[in-house]
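Hi,

Here is the structure I promised to pass on to you. Have a look at it first, and then read my notes underneath.

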Amino acid sequence: MKLDMKINVNELPESTNDFSPLPAGKYQSVIKSCEAKVTKAGTGQYLSVGYEITGPTHQGRIVFQNLNIRNANPKATEIGLRQLGDVLRAIGLASLTDTDQLIGGPIELTLVIRKSDEYGDSNDVKRVAPIKGSKPPQVTQATTEAAPSAVKKAPWA
């Protein structure tokens, strides 16, 4: 398709996206996104969770974690559900009926660097925990049970 304008590369802004891994360590974050997806093989399901770093450094960077919730491999399901349980406990949710309930949840991440010659180095979420120094979240059913017409908001929403 022919453009009705001329684009000059010298007039275009340079990308500021930095996809290099963050240094290993602890970071405060909030859950920015969570989407249920089907595994590549089509035999399972996982949650793709996006954490936005809020401090103490690298604010605004996004780190992803995939949590298996159904998988043909029972061990993968067990690990994924354990990780999901850690997330729920860290942000104070007793149950989950909609991925939107996770959005905005404050959480501390411990990141490590996964080395890969094939794909390049990347971050892995090694551990999740309540944010240090904050009041430990109270896990209650009242904040997470679905209302008849809508999902109730989480305590931080």
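Below is what I found in it, going from the overall layout down to single residues.

One thing to keep in mind from the start: this is a predicted model. The protein chain has 157 residues, and 29% of them count as buried. Its exposed area comes to about 10500 Å², with carbon and sulfur atoms supplying 53% of that. If you take the contacts with a separation of 6 or more, 50% of them are between residues 24 or more positions apart.

The layout is easy to follow. You'll find one helix and five strands, and from the N terminus they come in the order β-β-β-α-β-β. The five strands make an open sheet, ordered E3-E2-E1-E4-E5, with antiparallel pairing. At the edges sit E3 (62-70) and E5, each of which pairs on one side only. From one strand to the next, the twist averages 45 degrees. As a reminder, strands of a sheet pair through backbone hydrogen bonds, either parallel or antiparallel.

Now for the individual pairings, starting at the E3 edge:

- E2 (residues 45-55) is antiparallel to E3, and eight bridges link the two. To find the spot by eye, look for Gly 50, whose bridge partner in E3 is Phe 64.
- E1 (residues 25-38) pairs with E4 (residues 106-114), again in the antiparallel sense, over six bridges. Here Gln 28 has Glu 108 in E4 as its bridge partner.
- E4 also pairs with E5 (residues 122-129), antiparallel and over seven bridges. Leu 111 is a handy marker, with Val 125 in E5 as its bridge partner.

And the helix? H1 lies across E1, E2, E3, E4 and E5, and runs at about 125 degrees to E3. One residue to click on is Thr 77, which is found in H1 (residues 74-91). Is Thr 77 buried or exposed? Its relative accessible area is 14%, so Thr 77 counts as buried, the cut-off being under 20%. Leaving aside residues up to four places away in sequence, Thr 77 touches Asn 68, Ile 69, Arg 70 and Asn 71.

The loop between E2 and E3 deserves a look as well. Pro 56 is in that loop, and a cis peptide bond joins Gly 55 to Pro 56, with omega at about 0 degrees. His 58 is found in the loop between E2 and E3 too. Although His 58 is not a glycine, its phi is positive, at about 60 degrees. Why mention these two? Most residues other than glycine have a negative phi, and most peptide bonds are trans. His 58 is partly exposed because its relative accessible area, 31%, falls between the 20% and 50% cut-offs.

Last stop, the surface. Leu 3, Met 5, Ile 7, Val 9 and Leu 12 make a nonpolar patch of about 520 Å². Val 9, one of these residues, is found in the segment before E1. At 62% relative accessibility, Val 9 counts as exposed, since the cut-off for that is over 50%.

If you only have a minute, I'd start with the sheet order, E3-E2-E1-E4-E5, then turn to H1 lying across those strands, and finish at the cis bond between Gly 55 and Pro 56.

Cheers

Conventions
Residues are numbered from 1 along each chain as its sequence is written. This is a predicted model: local features need pLDDT of at least 70, side-chain atom pairs count only at pLDDT 80 or more; totals for chains, interfaces and linings use all residues. Side-chain values use heavy atoms; hydrogens and water are left out. Two strands pair if DSSP finds at least two bridges between them. Helices (H or I, at least four residues) and strands (E, at least two) are DSSP runs, numbered from the N terminus. Buried means under 20% relative accessible area, exposed over 50%, partly exposed in between (1.4 Å probe, protein chains only). Contact means heavy atoms within 4.5 Å. Patches are made of residues with over 30% relative accessible area and no salt bridge: like charges are joined within 9 Å, nonpolar side chains (Val, Leu, Ile, Met, Phe, Trp, Tyr) within 5 Å. Accessible areas come from the Shrake-Rupley method with a 1.4 Å probe; for residues, only the protein chains shown count as cover. A salt bridge is a side-chain nitrogen of Lys or Arg within 4 Å of a carboxyl oxygen of Asp or Glu. Axes are lines fitted to C-alpha atoms, for helices over the stretch in contact, and angles run from 0 to 180 degrees between N-to-C directions.
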